[in-house]
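Hi everyone, thanks for making time. I'd like to walk you through a structure that's new to most of you, so have a look at it first.

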Amino acid sequence: MWPKPLATLLAFLAMQNSALAAEGHAPLDGGALGPIWALPFVGILLSIALAPLLAPKFWHHHFGKVAAFWALAFILPFAATHASGIVASELTHAILLDYVPFVILLTALFTVSGGILVTGNLHGSPRLNTSLLAVGTLLASVIGTTGASMVLIRPLLRANDGRRHNVHVVIFFIFLVSNIGGSLTPLGDPPLFLGYLRGVSFFWTASHMLAEMGVAVVILLALFWLLDSYFYKGDKDFQGLIDPTPDTKKISINGTVNFILLLIVVCAVLVSGSWKPGISLPIYGLQLELQNIVRDLILIAAAVASLVLTPAGLREKNHFEWGPMLEVGKLFAAIFVTIIPVIAMLKAAENGSFAPLVALVTTPEGAPIDAMYFWMTGILSSFLDNAPTYLVFFNLAGGDPAELMGPLARTLVAISCGAVFMGANSYIGNAPNFMVKAIAESAGVKMPSFFGYMAWSVGILVPVFILVTLVFFRT
């Protein structure tokens with residue numbers, strides 16, 4: 001299920017393999033790159049942000065071509081102006097070390113969670129709704145924001161399909177389950193998995209982000225309870241009724257074999273971070289470590305096992321389809337390629353084209369300003385995509401996982417919180433947001449427009465994030 005842009009890149013890398021092996025070369029010098037090299041990266045991110053709104057039909061049918069265009073807009077000029085060894089090295093690193101593991105994990109979580117179907121006679125009272133949101137928030141760090149969103153959004157919609165006011169239920173679901181809930185592990189949200197691939201320890205996020213996540217979650221659940229109770233009291237026709245559209249007489253969970261497969265996915269990722277056999281496989285000039293190869297093979301096997309072992313017809317009942325995963329695969333192939341020069345320029349710090357950005361998040365003495373890292377990462381995550389945005393600021397802070405987990409731990413927490421939390425600020429901040437919106441609309445919920453949703457997020461989330469800043473990131 002590789003997207004066409006990736007297939008093209010792998011073919012190109014195969015042709016460059018002999019050149020890469022034959023010539024020695026220095027790493028890409030970000031200080032020698034002008035800001036024009038960031039245009040393809042900006043182009044693909046703006047396309048993702050604006051094209052679905054301005055030209056939805058064109059985007060739906062041609063987003064893969066748009067992704068390929070921006071990838072080639074970087075690759076062709078880059079190959080024409082740099083040594084072939086540098087070209088091959090940078091592309092193989094981006095694809096084989098970052099993109100492929102990233103897509104394999106998302107595909108495994110998406111496939112396995114899509115085989116879990118929750119049915120039952122659910123009644124959307126404030127108690128049940130708040131409980132489902134709390135469970136989903138915790139579940140998001142275990143099976144990912146995408147997995148938790150896909151498992152729970154349909155039961156939550158069915159529980160509230162008889163209510164006059166149910167839009168807020170979906171909005172808070174996006175806030176909590178599709179975003180903030182994924183704060184505790186690399187499995188939770190794509191940005192944290194990218195950090196894990198870069199060397200951040202598996203349990204580091206849980207031990208360092210629990211307080212920030214806890215404050216945000218408790219406040220949002222309390223606000224939801226108050227708002228949901230207010231709407232519930234005014235809905236006399238719904239109060240006391242059982243679910244008008246029950247799937248079964250009792251609550252049941254189908255496809256339970258997938259819980260075992262989810263546990264296997266979690267264990268595979270966890271073991272790959274702690275098992276260091278010291279064995280690697282050379283591919284296109286890179287050394288792929290054995291533990292990472294084994295992890296990815298186990299994840300692929302878990303996804304295949306889910307397709308084979310899940311009872312027939314269950315995925316259809318769950319409205320499971322490959323479209324969202326294919327879109328993510330194609331778009332992120334372009335993102336991981338076009339971000340290459342951006343990362344190089346950020347690593348150059350004050351000697352690179354992004355020196356003004358460096359000045360914005362650091363003191364004159366060069367010390368990081370954690371509050372600015374939180375808000376700058378968050379604001380860009382709100383409108384671009386939180387995974388590449390995390391990567392940008394991770395590298396802006398030095399890119400050394402040992403230093404970021406040690407002396408600069410608060411800076412890494414600020415970057416992580418900004419990327420994960422503020423992905424909820426708009427529909428395009430995180431992949432599950434748009435997926436949940438589409439599912440809710442297909443179920444008859446009149447979701448707000450792009451800017452209507454932002455009115456909710458600005459009014460509710462921004463004050464919470466200001467409080468988080470004052471409590472945790474004030475220097």
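Before the first number, a word on surface: accessible areas here come from the Shrake-Rupley method with a 1.4 Å probe, and for residues, only the protein chains shown count as cover. With that in hand, the chain has an accessible surface of about 19400 Å², and 69% of that belongs to carbon and sulfur atoms.

Some housekeeping. What you're looking at is a predicted model, where local features need pLDDT of at least 70 and side-chain atom pairs count only at pLDDT 80 or more, while totals for chains, interfaces and linings use all residues. Residues are numbered from 1 along each chain as its sequence is written, and side-chain values use heavy atoms, with hydrogens and water left out.

Okay, the overall picture. The chain holds 19 helices and 4 strands; those are DSSP runs numbered from the N terminus, with helices being H or I of at least four residues and strands being E of at least two. Of the 475 residues, 56% are buried. By buried I mean under 20% relative accessible area, with exposed being over 50% and partly exposed in between, using a 1.4 Å probe and protein chains only. Then contacts, meaning heavy atoms within 4.5 Å. Take the contacts between residues at least 6 apart in sequence: 81% of them join residues at least 24 apart.

Let's zoom in on one helix, H17, residues 409–421. Its 13 residues reach 18 Å from the first C-alpha to the last, close to the 18 Å expected at 1.5 Å a residue. That expected span is 1.5 Å times one less than the number of residues.

So is H17 enclosed or open? Since 12 of its 13 residues are buried, H17 is largely enclosed by the rest of the structure. Among the buried ones are Ala409, Leu412, Ile415, Cys417 and Phe421. And what covers them? The cover includes helices H7 (190–197), H8 (204–233), H14 (370–383), H15 (386–396), H16 (401–405) and H19 (450–473).

One residue from that last helix: Leu470 sits in H19. Leu470 is partly exposed, at a relative accessible area of 47%. Its C-alpha lies 8.6 Å from that of Ala371, although the two residues are 99 apart along the chain.

Now the empty spaces. Rolling a probe the size of a water molecule over the atoms shows where empty space is left. The recipe uses a 1 Å grid over the protein atoms alone: a cavity is a set of points where a 1.4 Å probe fits but cannot get out, a pocket is an open set with protein on both sides within 12 Å along at least five of seven lines, and lining residues have an atom within 4 Å of a point. Grid points are joined across faces, edges and corners, and a volume is the space filled by probe spheres set on the points.

The largest pocket holds about 920 Å³. It is lined by 30 residues, and Pro324, Glu327, Phe434, Met435 and Ala438 lie nearest its centre. Helices H2 (39–54), H3 (56–81), H5 (126–159), H12 (323–347) and H18 (431–442) each give two or more residues to that lining. Sorted by class, there are 19 nonpolar, 7 polar and 4 charged residues in it. For those classes, Ala, Val, Leu, Ile, Met, Phe, Trp, Tyr, Cys and Pro count as nonpolar, Asp, Glu, Lys and Arg as charged, and the others, Gly among them, as polar.

The second largest pocket comes to about 620 Å³. Of its 28 lining residues, Leu97, Leu197, Glu289, Asn292 and Arg295 are closest to the centre. Helix H4 gives the largest share of this lining, 6 residues.

On to the closed spaces. How many cavities of 30 Å³ or more are there? There are 3. The largest has a volume of about 130 Å³. Among its 16 lining residues, Leu106, Thr146, Met325, Val328 and Ala431 lie nearest the centre. H12 provides the largest share, 4 residues, and the whole lining has 12 nonpolar, 3 polar and 1 charged residues.

Thr146 deserves a closer look. It's in helix H5, and at 14% relative accessibility Thr146 counts as buried. Setting aside neighbours within four places in sequence, Thr146 is in contact with Phe110, Pro432 and Met435. You've already heard Met435 named, as one of the residues nearest the centre of the largest pocket.

Finally, the second largest cavity, at about 80 Å³. Leu106 turns up here too, in the group closest to the centre along with Leu109, Leu187, Asp189 and Pro190. That's my tour, thanks for listening.
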